[in-house]
Every structure is written in C-alpha cells, then in structure tokens.
Amino acid sequence: MKILSIESSCDETSVAIVEGRNVLSNIISTQIAEHKIYGGVVPEIASRRHTEAISAVCDEAVKEAGITYGDVDAVAVTFAPGLIGALLVGVNFAKGLALSLGVPLIPVHHLRSHIAANYIAHPDLKPPFLCLLVSGGNTVIAEVTDYTKFKILGSTRDDAAGECFDKTARCMGLEYPGGVTLDKIATKSDFNKYPLPVPRVEGEYDFSFSGLKTAVINTVHNAAQKGNEIDIPVLSATVRERVCDMLIDKTLKAAENLGYKKIAVAGGVSANSELRERLSLECEKRGYSLYYPPLKYCGDNAAMVGAQAIFEFEDGNIADSSLNATATLPIDYR
C-alpha cells in the first residue's frame, strides 16, 4: 500500500511516499533560514510558506518515488498537535488531494509519527515498549501498548525540554535553531560555576523545565548587568546535562517500575548527542534494548507520518471531508 503523507505542523513542509516501513521518497522544504532572522518560528510566516511550497513539494515526492498520483492508495496527514495555521495548510491540501484521487484520508497524530520514525529504522521494533517523546513542544513518557494504543505515564507541567534548550540558547545569543546549536558548542559542564536548579514536581514521571529556563536567563542577565562574561560553551553543557539528567532518570525509573526492557526515544530532541550517549550507556548496563531514529528522521518529516499511517488505517482510523486541524491533542486520544 503506497501512502502519500504530508507534514506541516511547524516550519517544515514535507511530503513522502511510504510503502509499509519502506520510504520511497521524503522531501522536506525547510524555513529555518527565514525564521532565523527572528530567533524562532513566526506562526504567520510559517503558514504562508507552507501554502507556497506544498504543491511543488508534493509533486517532487511523487516524482522521486518513481510513481504517478494514480499509484497512490491513500493520503495521510498530520492533523494535531502543532501550529494551527500550519496544520490547516496540510490538512486542507490532503483533503482535496484524497478527494480528487478517490482514496482514503488518514489523520495522523504528530507524536505518534515521531514514534513511528523508529519503525523505519528498526524493523524489529514492535510494541509493547516504553517511549520518551521529547521535542520543542512536548515532553512525554508513554507506554506504547500497540501501534495505535498509548498510555501517558508522565509529561511536562510547563515548558518542554526542547523549548528549554531553544529559549536558553536564544538568551545566550546562539543561532536558531537554538537547541541544535547549543548541543554543538557545549563543552564540559560546571555546576560549581553555574549552579542550576533541579526542578521537581509531584508526579513520579512528570517534568518541569520552566524553573531551569528562568535560572539560565537570570544567570545571563545578571552577568550582563555586572559586565561579566558568560562562558557560553560551559553554560550550554551545564544546561544540557541538567535536562538530560531529568529525562534519563525518569525514563529509567519508569522502565524499572513497569518492567520494560525495550525503550525508544522520539522527537526532535532525540538527536541530542548527550541524551543518546548517556541513555545508551545506562540501557546497556541494565540489559535494556534502546531504539532511536537516524538523525534525518528526528526532526519533522513526512516519512514518519506515512510509517504511522498504515497502522492507523488498519485500525480503521479514516477521516472524511470534515477533518479539522487541532492545535493540542494528547497522544492517547480515541
């Protein structure tokens, strides 16, 4: 079954052709250069650029896959969560395309897609397993009990981990996308030099990153007021270590308490070098199997949408022309 999948939840316009776990094409039009001017994604600009790019990106994906539109068996699209204007571009394009081709329309949740990026890279990965979903907008620990069934164990009470990285990086004057730049320049942490707090919340598997973000911002501003220089590589490393401490500790605690020996990491922050290295070592010590996507599938892309879409289709998750975009929606929606 050849699925044409569309992703437009933030600032990447992407269309892919996926057959099972095989990616025939995966075209991405990025807006990073334009949003870099503003130090972050401007929703209105993102929506306009999706509108301008999506038709050409779709044609290119079909061409690269070596097929015609007549070979497409279904159209899948990210409908939630994300920037509402950006989502609407993809959803409306997908509805029109599915109608014109006379094929099923498959709505796909963005976080489920990020998990499915692991299915592309790891054919042996099957539920049940534990997953740490960590990105600019979401930080969740979930049980993946089946391909379309999830149970949220914990989530952030405020900022997401990726948002913490991005906003602290911006405060330090690092280039957008901040989290990626912070990871690249980070050297060695020093908590004596920068005594960052460890935010705590009541939920056993819940997170909080807003206090950490505020502490970094205050550190930078206080130094500027006193005319002191900040050691940006060291502060970046210190922030990174603190965030990874929280992500790794709670993920491993959930795995131990619930008896999971398979752990997956998904979302844009799954590309973070320290998170990958440290979690790999900890899982190896415990005899756990760890899965994470190749770097090219960590960020937003349509291939992961198509990889999840086949399971949604088999579960009867088909939409009609009334499908609408939704800015917020938990992964375990039914």
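Q: How closely do the axes of helix 2 and helix 3 approach, and at what angle do they cross?
A: The axes of helix 2 (residues 43–65) and helix 3 come within 9 Å and cross at roughly 30 degrees. Axes are lines fitted to C-alpha atoms, for helices over the stretch in contact, and angles run from 0 to 180 degrees between N-to-C directions. The model is predicted: local features need pLDDT of at least 70, side-chain atom pairs count only at pLDDT 80 or more, and totals for chains, interfaces and linings use all residues. Residues are numbered from 1 along each chain as its sequence is written, and side-chain values use heavy atoms, leaving out hydrogens and water.

Q: Why is helix 2 called roughly parallel to helix 3?
A: Angles under 35 degrees count as roughly parallel. The crossing is at roughly 30 degrees, and therefore helix 2 is roughly parallel to helix 3. Helices (H or I, at least four residues) and strands (E, at least two) are DSSP runs, numbered from the N terminus.

Q: Which residues make the contact of helix 2 with helix 3?
A: Helix 2 contributes S47, H50, T51, I54, S55 and C58, and helix 3 contributes G85, A86, V89, G90, F93 and L97; contact means heavy atoms within 4.5 Å.

Q: What makes strand 2 and strand 3 a pair, and in which sense do they run?
A: Two strands pair if DSSP finds at least two bridges between them. Strand 2 (residues 12–19) and strand 3 (residues 22–30) have 8 bridges, in the antiparallel sense. T13 has S29 of strand 3 as its bridge partner. The two strands form a hairpin with 2 residues between them, and G20 in the turn has a positive phi of about 65 degrees.

Q: How do you know that strand 8 and strand 10 are edge strands?
A: Each of them pairs on one side only. The open sheet holds 5 strands in the order 8-7-6-9-10, with mixed pairing. Inside this order, strand 6 (residues 129–134) and strand 7 (residues 139–146) pair in the antiparallel sense over 6 bridges, and L133 stands opposite V140 in strand 7.

Q: Which peptide bonds preceding P81 and P177 are cis or trans, and what are their omega values?
A: The bond joining A80 and P81 is cis, with omega about -20 degrees, and the bond from Y176 to P177 is cis, with omega near 0 degrees. Most peptide bonds are trans. P81 lies in the loop between strand 4 (74–80) and helix 3 (84–101), while P177 is in the loop between helix 5 (161–171) and helix 6 (178–185).

How values were computed
Parallel < 35°, antiparallel > 145°, perpendicular 65-115°, else oblique.
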